[in-house]
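Student: Could you go through this one with me? I'd like to start with the charged pairs and then move on to the sheet and whatever else comes up.

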Amino acid sequence: MPLIKMGFKLFLFAAVTVLTVLLLRHWMATKQYVFNKDDVAKLAKQYAGQDHEQAFSKVVVELRKRYPGHILPDEDLQWIFVNAGGWMGSMCLLHASLTEYLLLFGTAVDTGGHSGRYWAEISDTIISGTFRQWKEGTTKSDIYYPGDTIVHSIGEATSVQWSAGTWMVEYGQGFIPSTLGFALADTLFSTQDFLTMFYTVRVYAKCLLLEAGTLLTEAGVF
């Protein structure tokens, strides 16, 4: 009897998991997204090759014009360290929900490691510097320059390397909570920089609250 009960519980758990995954996939395939990766890449490409700080300022201003209510205000913008997959960079989160995020990302030092494997598609448009990518199953790497856009598909894993002074605009679309384990694992188990973890969780919460407020306003609740 104990084995039968255990088997039933495992079957029930597997069934609920599969159903949840199917529902999430259907939801993500049919929902309307705020951003479009091609539009984000086109906007960022306009400022490729410029000083990255000036380029980022222009990108943020333009995004606020195009997507009012979906980009964090200046007082909530913060550059936060990211340690993941053996590499170290810095991000400035502009927008985040359960299915999308938009941020500025880069590094002031040479760094590289594992890309992570996500239930999300991620695209990066380079403003300055160089980015090298070695795809799984190949024996050669590719290098990208300012103006190039690199797309990291759902379920894909690569080796990544940034040269010092590489800065880019990044957009992700998919089940965003699935990326948090990789993004926070090195902080939790290696650097133990819990202040950085707090900053990361706090700015994500601010984005979720902003998005919820905007959706309620657009629905006429407020």
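Student: Is Arg117 buried, partly exposed or exposed?
Tutor: In this predicted model, Arg117 has a relative accessibility of 48% and therefore counts as partly exposed, since the exposed class begins over 50%.

Student: And which side chain does Arg117 meet in a salt bridge?
Tutor: Arg117 meets Glu136, with an N to O distance of 3.3 Å. The two come from distant parts of the chain, 19 residues apart, with Arg117 in the loop between strand 4 and strand 5 and Glu136 in the loop between strand 6 and strand 7. Glu136 is itself exposed, because its relative accessible area is 54%.

Student: How many salt bridges does the structure hold?
Tutor: The structure holds six salt bridges. One of them joins Glu121 and Lys37 at 3.1 Å, N to O, and because Glu121 lies in strand 5 (residues 120-128) while Lys37 lies in helix 2 (residues 37-45), this pair ties together parts that are 84 residues apart in sequence. Glu121 counts as partly exposed at 24% relative accessibility, and Lys37 is partly exposed with 28%.

Student: What about Lys135, which residue is its salt-bridge partner?
Tutor: Lys135 forms a salt bridge with Glu156, and their closest N and O atoms are 3.9 Å apart. Lys135 lies in strand 6, whereas Glu156 lies in the loop between strand 8 (149-152) and strand 9 (158-162), so the pair ties together parts that are 21 residues apart in sequence. Lys135 is partly exposed, with a relative accessible area of 34%, while Glu156 counts as buried at 16%.

Student: Switching to the sheet, what is the strand order?
Tutor: It is an open sheet of four strands in the order 4-9-6-7, with antiparallel pairing. Strand 4 (111-114) and strand 7 (141-144) stand at the edges, and each has a single partner strand, so one side of each is left without a neighbour in the sheet. On average, neighbouring strands of this sheet are turned by 15° against each other, direction ignored.

Student: How many bridges are there between strand 6 and strand 7?
Tutor: Strand 6 (residues 131-135) pairs with strand 7 over four bridges, in the antiparallel sense. Along that pairing, Phe131 stands opposite Tyr144, and the bridge partner of Arg132 is Ile143. The two strands form a hairpin with five residues between them, and Gly137 in the turn has a positive phi of about 85°.

Student: Which non-glycine residue has a positive phi?
Tutor: Gln192 has one, at about 50°, and it lies in the loop between helix 4 and helix 5 (194-218).

Student: Which residues form the nonpolar patch on the surface?
Tutor: Leu188, Phe189 and Phe194 form that patch, and together they have about 340 Å² of accessible area. Leu188 belongs to helix 4 (residues 177-191) and counts as partly exposed because its relative accessibility is 38%.

Student: Last topic, how many disulfides does the count come to?
Tutor: The count comes to zero disulfides. For Cys92, the nearest cysteine sulfur is that of Cys207, 9.4 Å away.

Student: So why is there no bond for Cys207?
Tutor: The sulfur of Cys207 is too far for a bond, because the closest cysteine sulfur, in Cys92, is 9.4 Å from it, whereas a disulfide needs the two sulfur atoms within 2.5 Å. Cys92 counts as buried at 4% relative accessibility, and Cys207 counts as buried at 2%.

Terms used
Residues numbered from 1 in each chain as written. Predicted model: local features only at pLDDT ≥ 70, side-chain atom pairs only at ≥ 80, totals over all residues. Heavy atoms only, no water. Patch = residues over 30% accessible without salt bridge, like charges linked within 9 Å, V, L, I, M, F, W, Y side chains within 5 Å. Areas by Shrake-Rupley, 256 points an atom, 1.4 Å probe, with all protein chains shown as cover. Salt bridge = Lys/Arg side-chain N within 4 Å of Asp/Glu carboxyl O. Buried < 20%, exposed > 50% of the residue type's maximum accessible area, 1.4 Å probe, protein only. Pairing = 2+ DSSP bridges. Axes fitted to C-alpha atoms, helices over the stretch in contact; angles between N-to-C directions.
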